[in-house]
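Work through the exercises below with the model open. Each task is followed by a stepwise solution.

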Amino acid sequence: MLKLIRRHTNCVKPALKEKNKKDRMKFCLTMLDEATTTTARPKFKTMHNVVHIDEKWFNMTKKNKTYYLLDGEEESTRPIHGSCIGKVMFLTAVARPRWDSEGNVTFSGKIGIWPFVKEVPAQRKSENRPRGTIETKSIKVDRKVMREFFIEKVLPAIQVVWPESDAAQTIYIQQDNAKPHILPDDMEFLEAVAKSGLDISIIQQPANSPDLNVLDLGFFNSLQSLTDCLSPKTLQDLINGVLEEFEGYEVYKLNRIFLTLQTCMIEILNHAGANGYKLPHVDKERLERLGKLPQRLSCPQQVYANALYNLELMERVR
């Protein structure tokens, strides 16, 4: 009541080495529009040609969930089979949404979401199902599986949904440095890209930098909160629920996450590559209602100059 104590939520962040900080700064600087770097406020690129890709586990339920009960209402019981809560890993690909001059959505930015699962017949009978019943099982994700998903799912999805007006523009698929991910010079992937007729390149974001990917930055948490409202009984129910929430995800919200990414890049440049900054808020929803939400943010010239200076010092120390 005296406002001497305030509520604060603290989350863990990756530990960064000096190389990580330097790489983060370099990456953020590449996202600035070179034509504006000599102006008072350099602007970021619109990032319309960048596809963000990552994986995430979705669980059927949480070990502990909060419920609000009426007086006298009995507590619910949530039994599970075995000792583990069922979960499925999904590969997700999103880009920045687009609108025409009249405000109609021309590209939702939602390229696709695919579960890493396979359907196999049950080897033994049980009290829940007879032998031979088709079951959904998670598969182990390695580079071979990831290559298969990139070639057979991600590339065709980009071909189908990508705006024709930008088909000649280079499309960058941004991913992190996880071991299962394919390398930018993967020959099989490059051959598939050549056959697609599109100009696609893979770029890798700096290590230990989930704040430089819109999926980790906000999309996954938002999608997880939506799927937590479901009560799946099977893995297939969970998969259907995640797919449904992905399709219904608000386009405007996805666009705002891309602007949040740019605010994070400004803070990274302002903190010499460190991640101890407080996530900035620019009141995007209010600006959106007023029709004043910018397409891209600008970085103060002093922040840009300091970033170049700090980067030069890091190079000298090396």
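**Salt bridges**

A search of the whole structure finds 10 salt bridges (a side-chain nitrogen of Lys or Arg within 4 Å of a carboxyl oxygen of Asp or Glu). This is a predicted model: local features need pLDDT of at least 70, side-chain atom pairs count only at pLDDT 80 or more, and totals for chains, interfaces and linings use all residues. Residues are numbered from 1 along each chain as its sequence is written, and side-chain values use heavy atoms, without hydrogens and water.

**Exercise 1.** Find the salt-bridge partner of arginine 98 and place both residues.

*Solution.* Step 1: the partner is aspartate 166, with the closest N and O atoms 1.9 Å apart. Step 2: arginine 98 lies in strand 3 (residues 98-99) and aspartate 166 in the loop between helix 2 (143-161) and strand 8 (171-175), so the pair ties together parts 68 residues apart in sequence. Helices (H or I, at least four residues) and strands (E, at least two) are DSSP runs, numbered from the N terminus. Step 3: both arginine 98 and aspartate 166 are buried (under 20% relative accessible area; exposed is over 50%, partly exposed in between; 1.4 Å probe, protein chains only).

**Exercise 2.** Locate the salt bridge between glutamate 18 and lysine 21.

*Solution.* Step 1: their side chains meet at 3.6 Å, N to O. Step 2: both residues lie in helix 1, three residues apart, about one turn of the helix. Step 3: lysine 21 counts as partly exposed because its relative accessibility is 22%.

**Exercise 3.** Describe the salt bridge of aspartate 283 and arginine 286.

*Solution.* Step 1: the N to O distance is 2.7 Å. Step 2: aspartate 283 is partly exposed at 41% relative accessibility. Step 3: arginine 286 is partly exposed at 37%.
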